[in-house]
Amino acid sequence: MNKISQIAFSFLVAILLIWQLPWIYSFTFGSKSQGAVRFMLFSPVTHEFSYPTRNDKNKLAGEDLAGNTYTSNELDSILPLFYCRQLADRDAFPDSIMGEAITLREVQKGRFIFRSFPDEVNGPITPLYMLLESQPERLDFEFPKDMFRCTDTGLEFLVMETNQVNSQKSATFTNALKAEGCVFPITYLHSIPNVRKSYDNGFMLVDSNRQLFHMQMAHGKAACRRISLPKDVQANQAFITEFEAKKYYGFMIDTNHNMYVINRPDYQVHRIELPSFDPTQQEMMIIGNPFIWTVRIEDNHGARFYGIDGRDYHQYKNKVYTYEDKDFAGLHFTSSKNGYVYPRWN
């Protein structure tokens with residue numbers, strides 16, 4: 001018995017060492033992101049990537065990738081769409097940006113942040129979805145009394161109190177989607193299931209033919225629309241957005257990992273001039289405003305920053321940081337790529 005205990009103890013110690021050695025290595029020798037600027041914004045004034053830093057007196061200052069340094073007030077002025085409140089507080093907010101007249105309210109309303117993480121796309125989900133009434137009688141949204149699930153032949157609404165299928169509602173929404181050309185089963189769908197928001201954009205759905213659809217419930221009725229995609233483009237993932245400006249329905253990623261924005265209210269689809277983006281493997285953050293979007297795409301190989309025009313979505317400039325360090329192989333139980341917990345070697 002004593003020998004078995006010693007073997008079991010040794011095995012446990014070995015497992016713990018294999019598990020913890022990668023963390024100890026990373027902690028001791030630094031992270032792979034050393035040398036990369038974690039946060040910077042593309043300036044509509046200098047057309048350069050700029051970022052906040054600290055000067056030799058430990059006061060807020062700024063730098064850009066061209067090697068220029070700025071005081072805190074100068075940094076506010078070259079990033080007026082991000083530091084608009086600071087500028088307005090000292091009556092220095094410009095009346096025009098990039099040759100177009102702009103007000104403080106338009107900037108504040110048009111700003112947004114979009115984030116996408118691989119573990120949110122790949123992670124475990126409960127395949128029951130909440131469809132809100134997009135046109136409630138009062139201003140506040142209410143939780144519905146049913147949820148729906150996707151089957152091979154359509155949508156199936158379940159009354160939560162009785163756990164019974166609402167056949168009429170199921171048929172209504174299934175037929176509304178089929179009338180727009182939707183082919184079941186649905187391969188991907190996305191919404192923002194939150195009742196504490198100012199408006200509801202419903203769902204984006206990708207069908208079996210890789211076509212894109214928008215679905216809402218308005219006054220209790222199905223409101224479904226097939227979104228026309230550019231020639232030879234097939235949808236892979238789609239993300240609903242509900243930014244304050246109400247300018248977009250959301251974003252779409254095609255099967256070639258190109259990214260598109262879907263404008264409101266005409267459903268115009270525009271490609272964003274970015275290289276490939278795979279939501280299942282890469283993290284994305286967009287800090288946007290009516291004129292300039294700063295996009296960061298990051299994975300294990302590096303971080304890439306892009307300055308994108310917020311009006312026609314062309315790319316001004318990019319900066320690529322390559323991670324030189326290699327991950328120390330070892331035993332892991334979790335991954336940033338999904339939310340599952342199980343032993344894995346990488």
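The following exercises, with worked solutions, concern strand pairing and salt bridges in a predicted model.

**Exercise 1.** Determine how strands β2, β3 and β4 pair, and locate the residues with positive phi in the hairpins.

*Solution.*
Step 1. Begin with β2, residues 49-54, and β3, residues 60-64: these strands run antiparallel to each other and are joined by 5 bridges. Within this pairing, Ser 50 lies opposite Asp 64 of β3.
Step 2. Examine the connection. The two strands β2 and β3 make a hairpin with 5 residues between them, and Asn 58 in the turn adopts a positive phi of about 60°.
Step 3. Continue to β4, residues 69-71, which pairs with β3 in the antiparallel sense over 3 bridges. Here Ala 61 faces Thr 71 of β4.
Step 4. Examine the second connection. The hairpin of β3 and β4 has 4 residues between the strands, and Gly 67 has a positive phi near 95°.
Result: β3 pairs in the antiparallel sense with β2 and also with β4.

**Exercise 2.** Describe the salt bridge between Glu 48 and Lys 317, and classify each partner as buried, partly exposed or exposed.

*Solution.*
Step 1. The side chains of Glu 48 and Lys 317 form a salt bridge with an N to O distance of 2.8 Å. This pair links distant parts of the chain, 269 residues apart: Glu 48 belongs to the loop between β1 and β2, and Lys 317 to strand β22, residues 315-322.
Step 2. Glu 48 has a relative accessible area of 10%; because the cut-off for buried is under 20%, Glu 48 is buried.
Step 3. Lys 317, at 33%, falls between the limits of 20% and 50% and therefore counts as partly exposed.

**Exercise 3.** Repeat the analysis for the salt bridges Asp 76 with Arg 90 and Arg 311 with Asp 309.

*Solution.*
Step 1. In the salt bridge of Asp 76 with Arg 90, the closest N and O atoms are 3.1 Å apart. Asp 76 sits in helix α2, residues 72-78, and Arg 90 in the loop between α3 and β5; the two are 14 residues apart.
Step 2. Asp 76 is buried at 5% relative accessible area, whereas Arg 90 is partly exposed at 34%.
Step 3. For Arg 311 and Asp 309, the closest N and O atoms are 2.9 Å apart. Arg 311 is partly exposed at 33%, while Asp 309 is buried at 2%.

**Exercise 4.** State how many salt bridges the whole structure contains, and which residues form a network through shared partners.

*Solution.*
Step 1. The search of the whole structure yields 12 salt bridges.
Step 2. Arg 115, Glu 283, Arg 296 and Glu 298 are joined into one network by salt bridges that share partners.

Key:
Residues numbered from 1 in each chain as written. Predicted model: local features only at pLDDT ≥ 70, side-chain atom pairs only at ≥ 80, totals over all residues. Heavy atoms only, no water. Pairing = 2+ DSSP bridges. Salt bridge = Lys/Arg side-chain N within 4 Å of Asp/Glu carboxyl O. Buried < 20%, exposed > 50% of the residue type's maximum accessible area, 1.4 Å probe, protein only.
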